[in-house]
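Here are my notes on the model you sent over. I've kept them as numbered points so you can follow along with the structure open.

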Amino acid sequence: MISEELKRIWSWEERHRRLLARLAIVVAATLVIDAVGSVLVYFLERGAHGTEISTFGDALFFTTVQLLTVSSQIKNPLTPWGRVVDVGLEVWAVIVVAGSAGAIAAFFSER
C-alpha cells in the first residue's frame, strides 16, 4: 500500500503539468504586476511631501513586499492614486494566495 502511494506521488501525470502551468502563469503575471506597480508607485509617490518612496529602488522594494506579505516597513503611499495602486497590489496578493491554494488542492484531489 505504501509503495503504491509513493509510486503515485512520484509519477508524472497530466495533473502535474497542469499544476506547474498554473503556478508558472501566476508567477509570470505577478512579476509583470510587480514591475508595473513599481513604476506606478515610483512616479506617483516620489514627489509627495513626507513620502518614504523617493527612488525606484524604494518603489520596487515597497511593491515587492506588498505582493509577498501585504505589509512593509515603508509607510503606505500618501497620494490618492498611490493608495489605489497599493490596494490593487494587496488584492492581487490575496487572489494569488487563494488561487494557488486552490490549484494545489485540486492537484491533490484529482485521481
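1. Let's start with helix 4, keeping in mind that this is a predicted model. Helix 4 has 30 residues, and at 1.5 Å a residue they should span 44 Å; the end C-alpha atoms sit 43 Å apart, so the length agrees with expectation. The buried residues here are Gly82, Val85, Asp86, Leu89, Ala93, Val96, Ser100, Ala103 and Phe107. What lies over them? The cover includes helix 2 and helix 3.

2. A bit of background for reading that list: an α-helix has 3.6 residues a turn, so residues three or four places apart point the same way. Try it on the buried set of helix 4, which includes Val85, Leu89, Ala93 and Val96.

3. Ala101 is also in helix 4, but is it buried or partly exposed? Its relative accessibility is 45%, so it counts as partly exposed. If you want a landmark across the structure, take Val27: it is 74 residues away from Ala101 along the chain, while the two C-alpha atoms are 14 Å apart.

4. Now helix 2, which covers residues 14-45. It has 32 residues, and the distance from its first C-alpha to its last is 46 Å, close to the 46 Å expected at 1.5 Å a residue. Its buried residues are Arg15, His16, Leu19, Thr30, Asp34, Gly37, Ser38, Val41, Tyr42 and Glu45. You'll notice charged residues in that list, including Arg15, Asp34 and Glu45. Which helices do the buried residues pack against? The partners are helix 1 (2-10), helix 3 and helix 4.

5. Ala29 belongs to helix 2 as well. With 26% relative accessibility, it is classed as partly exposed, because buried would require under 20%. From Ala29 to Ile2 the C-alpha distance is 38 Å, with their positions 27 residues apart in sequence.

6. Helix 3 is made of 14 residues, 56-69, which should span 20 Å at 1.5 Å a residue; the end C-alpha atoms are 20 Å apart, so this one agrees too. Ala59, Phe62, Thr63, Val65, Gln66 and Leu67 are its buried residues, and they pack against helix 2 and helix 4.

7. Have a look at Leu67 in helix 3. Why does it count as buried? Its relative accessibility is 11%, and the cut-off is under 20%. Setting aside residues up to four places away in sequence, Leu67 touches Thr30, Ile33, Asp34, Leu89, Trp92 and Ala93. Two of these, Thr30 and Asp34, are on the buried list of helix 2, while Leu89 and Ala93 are on that of helix 4. For Thr30, which is 37 residues away along the chain, the C-alpha to C-alpha separation from Leu67 is 8.0 Å.

8. Next door in helix 3 is Gln66, a polar side chain that counts as buried because its relative accessibility is 1%. Beyond its neighbours within four places in sequence, Gln66 is in contact with Ser71, Ser72, Asp86, Leu89, Glu90 and Ala93. Leu89 and Ala93 turn up again here, having also been touched by Leu67.

9. At the other extreme is Glu4 in helix 1. It has a relative accessible area of 60%, so it is exposed. Its C-alpha lies 55 Å from that of Thr55, and the two residues are 51 apart along the chain.

10. Stepping back, the protein has four helices and zero strands, giving α-α-α-α along the sequence. What is the radius of gyration? It is 19 Å, whereas a compact globule of 111 residues would come out near 13 Å. The box around the C-alpha atoms tells a related story, at roughly 65 × 20 × 20 Å along the principal axes.

11. A few totals to finish. Buried residues make up 27% of the 111. Looking at contacts between residues at least 6 apart in sequence, 52% join residues at least 24 apart. The accessible surface is about 7400 Å², and carbon and sulfur atoms account for 71% of it. As for charge, there are 10 positive and 11 negative ones, and their mean positions are 6 Å apart.

Technical notes
Residues numbered from 1 in each chain as written. Predicted model: local features only at pLDDT ≥ 70, side-chain atom pairs only at ≥ 80, totals over all residues. Heavy atoms only, no water. Helix = DSSP H or I, 4+ residues; strand = E, 2+ residues; numbered from the N terminus. Rg over C-alpha atoms; globule rule 2.2 N^0.38 Å. Buried < 20%, exposed > 50% of the residue type's maximum accessible area, 1.4 Å probe, protein only. Contact = heavy atoms within 4.5 Å. Areas by Shrake-Rupley, 256 points an atom, 1.4 Å probe, with all protein chains shown as cover. Lys, Arg positive; Asp, Glu negative; His and termini not counted. Charge placed at Lys NZ, Arg CZ, Asp CG, Glu CD. Expected span 1.5 Å × (residues − 1).
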